[in-house]
Amino acid sequence: MTDDSSPLAARMRPQTIEEVVGQSHILGEGKLLRRVIEADRLTNVIFYGPPGCGKTTLAEVIAQSTKRNFTRLSGVVSGVADIRKICDRARNELGGKGTILFIDEIHRFNKSQQDVLLPYVEDGTVVLIGATTHNPNFFINTPLTSRSLVFELHPISPPDIAKLLERALGDSVRGFGKMPTVFDDDAKEFLSTICDGDARHALTALEIAMRSTPYSEDGKIHLTLDVIQECVQRRQVRYDKKEDGHYDTISAFIKSIRGSDPDAAIYWLGKMLTAGEDPRFIARRLVISASEDIGNADPRGISVAVAAMQACEFVGMPECAINLAQATTYLATAPKSNASCMAISEAMADVESGAIQPIPEHLKNKHVKAIGSERVTEYKYPHSFANHFVEQVYMNVPKNYYRPTEQGYEATIAKRMAALKSS
């Protein structure tokens, strides 16, 4: 057992760009980020991606390779005074080696704190490296992102996670290379997959397994599937109700319904419920989708969605998951139309951008006959006419907003409207 008490994930952090695993889309041979790191020509960058994908690792690699001063701050514990202190010191050293300022979890800085950084970044006093798990478009001020290259990092793939695990077991200096170990293939595959692309999570689980598993009679530590499953305990679901996991997953859920894929929709529903999402939030989105994506192609869709929403209030979890599943599969397999959604969008856009049409006199609640006014057109009561329909002006400047499609019941609506207009 190693004497180093620091976590395995910290000890195994890559020291050079060659040791970095994954992210070939930005670190492969000839790729932009690799070129600027190797040439020590780094400009302001923001690394954006999920936990454990290598954001801090890349910053550390840059720290090892650059000839410039490298300073670190944390968005969790640092404040305006820390920012000013570092940036003022960097300004006093202008003309020298230059300063790279790495801010981990930069999204934790509020707008005012980020504004303090702007003049120092703008005039080149510091080169900024920001790391965030949050979408920079929403959580980092536009003036900062516009002056930075934003690199999105992906979750580490299972094969690459497996390489990291093997490296940790084989490294005699930083890892467990001095401890004879047998790592079963099924256990390695399980751990490489279950960590959901989070290298830190995988290495932490491996460390727990190594430190808690006794030597066998053959003098080796046997990491079996049972051992690894016990150390992991439960699959990690990357999901935060106030962050990207929340918005990205509900987006995938609704788009799967819109795309008529009930299997994908059920999967994303299962992910949200497993992660502890409020079922009422999901139900509200189903009610919206029922009108936005299904509409009059199946008018029963909104009834099913509203019933599911009421069931969530009445039944609660875990049973209301069944109600949500029924509504999800119904909407996903229903015929689709966004005609009513487009109609209201166009109408509201016209109201906002153009002159407001006056209400025709015969449609008003009460007719006012002022002295000198022209004769008011009488309102025609449709139910008094054949087919309960009569031609009259309902809008002074007519425009066709609702255009029924040929999908589901809306095809019947389209035929009826066409028949009325031709009568």
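Visitor: Let me get the wording straight: buried is under 20% relative accessible area, exposed is over 50%, and partly exposed is in between, using a 1.4 Å probe and protein chains only. Is Asp196 buried, partly exposed or exposed?

Guide: Asp196 is partly exposed, because its relative accessible area is 26%. One thing before we go on: this is a predicted model, where local features need pLDDT of at least 70 and side-chain atom pairs count only at pLDDT 80 or more, while totals for chains, interfaces and linings use all residues. Residues are numbered from 1 along each chain as its sequence is written, and side-chain values use heavy atoms, with hydrogens and water left out.

Visitor: Got it. Where is Asp196 in the chain?

Guide: Asp196 is in the loop linking helix H10 (185-194) to helix H11 (199-212). Those labels are DSSP runs numbered from the N terminus, with helices being H or I of at least four residues and strands being E of at least two.

Visitor: And how far is Asp196 from Pro50?

Guide: C-alpha to C-alpha, 9.9 Å in space, with their positions 146 residues apart in sequence.

Visitor: OK, zooming out. How many helices and strands does the chain have?

Guide: There are 19 helices and seven strands.

Visitor: Is the chain spread out or compact?

Guide: More spread out than a compact globule, because its radius of gyration is 31 Å, well over the 22 Å that the globule rule gives for 423 residues. The radius is taken over C-alpha atoms, and the rule is 2.2 Å times the number of residues to the power 0.38. Along the principal axes, the C-alpha atoms fill a box of roughly 100 × 60 × 40 Å.

Visitor: What share of the residues is buried?

Guide: Buried residues come to 41% of the 423. As for contacts (heavy atoms within 4.5 Å), take those with a separation of 6 or more: 74% of them are between residues 24 or more positions apart.

Visitor: What about the area the chain exposes?

Guide: About 23200 Å², with 54% of it supplied by carbon and sulfur atoms. The area is from the Shrake-Rupley method with a 1.4 Å probe, and for residues only the protein chains shown count as cover.

Visitor: How many positive and negative side chains are there?

Guide: 49 positive and 53 negative, and the centres of the two sets lie 6 Å apart. Lys and Arg count as positive, Asp and Glu as negative, and His and the chain ends are left out. Each charge is placed at NZ of Lys, CZ of Arg, CG of Asp or CD of Glu.

Visitor: Speaking of His, what does the side chain of His134 pair with?

Guide: The His107 side chain, in a polar contact of 3.4 Å. The side chain of Thr133 also makes one with the His134 side chain, at 3.0 Å. A polar contact is a pair of N or O atoms within 3.5 Å; within protein, one must be able to donate a hydrogen and the other to accept it, and residues adjacent in sequence count only if both atoms are side-chain atoms.

Visitor: Is His134 buried or exposed?

Guide: Buried, since its relative accessible area is 4%. His134 is in the loop from strand E4 (127-132) to helix H7 (136-139).

Visitor: And His362, what does its side chain reach?

Guide: The backbone oxygen of Val393, at 2.6 Å. His362 is in the loop between helix H18 (339-353) and helix H19 (410-422), and counts as buried because its relative accessibility is 9%.

Visitor: What does His222 touch?

Guide: Leaving out residues up to four places away in sequence, His222 touches Val182, Thr213, Ser216 and Val227. Its side chain also has a polar contact of 2.8 Å with the side chain of Asp218. His222 belongs to strand E7 (residues 221-223) and is partly exposed, because its relative accessibility is 26%.

Visitor: Any odd backbone geometry? Which peptide bond is cis?

Guide: The one from Met317 to Pro318, with omega near 5 degrees. Pro318 is in the loop between helix H16 (300-315) and helix H17 (320-333).

Visitor: What is the phi of Asn387?

Guide: Positive, about 60 degrees, although Asn387 is not a glycine. His388 is not a glycine either, and has a positive phi of about 55 degrees. Most residues other than glycine have a negative phi, and most peptide bonds are trans. Asn387 is in the loop between H18 and H19, and is exposed because its relative accessible area is 60%.
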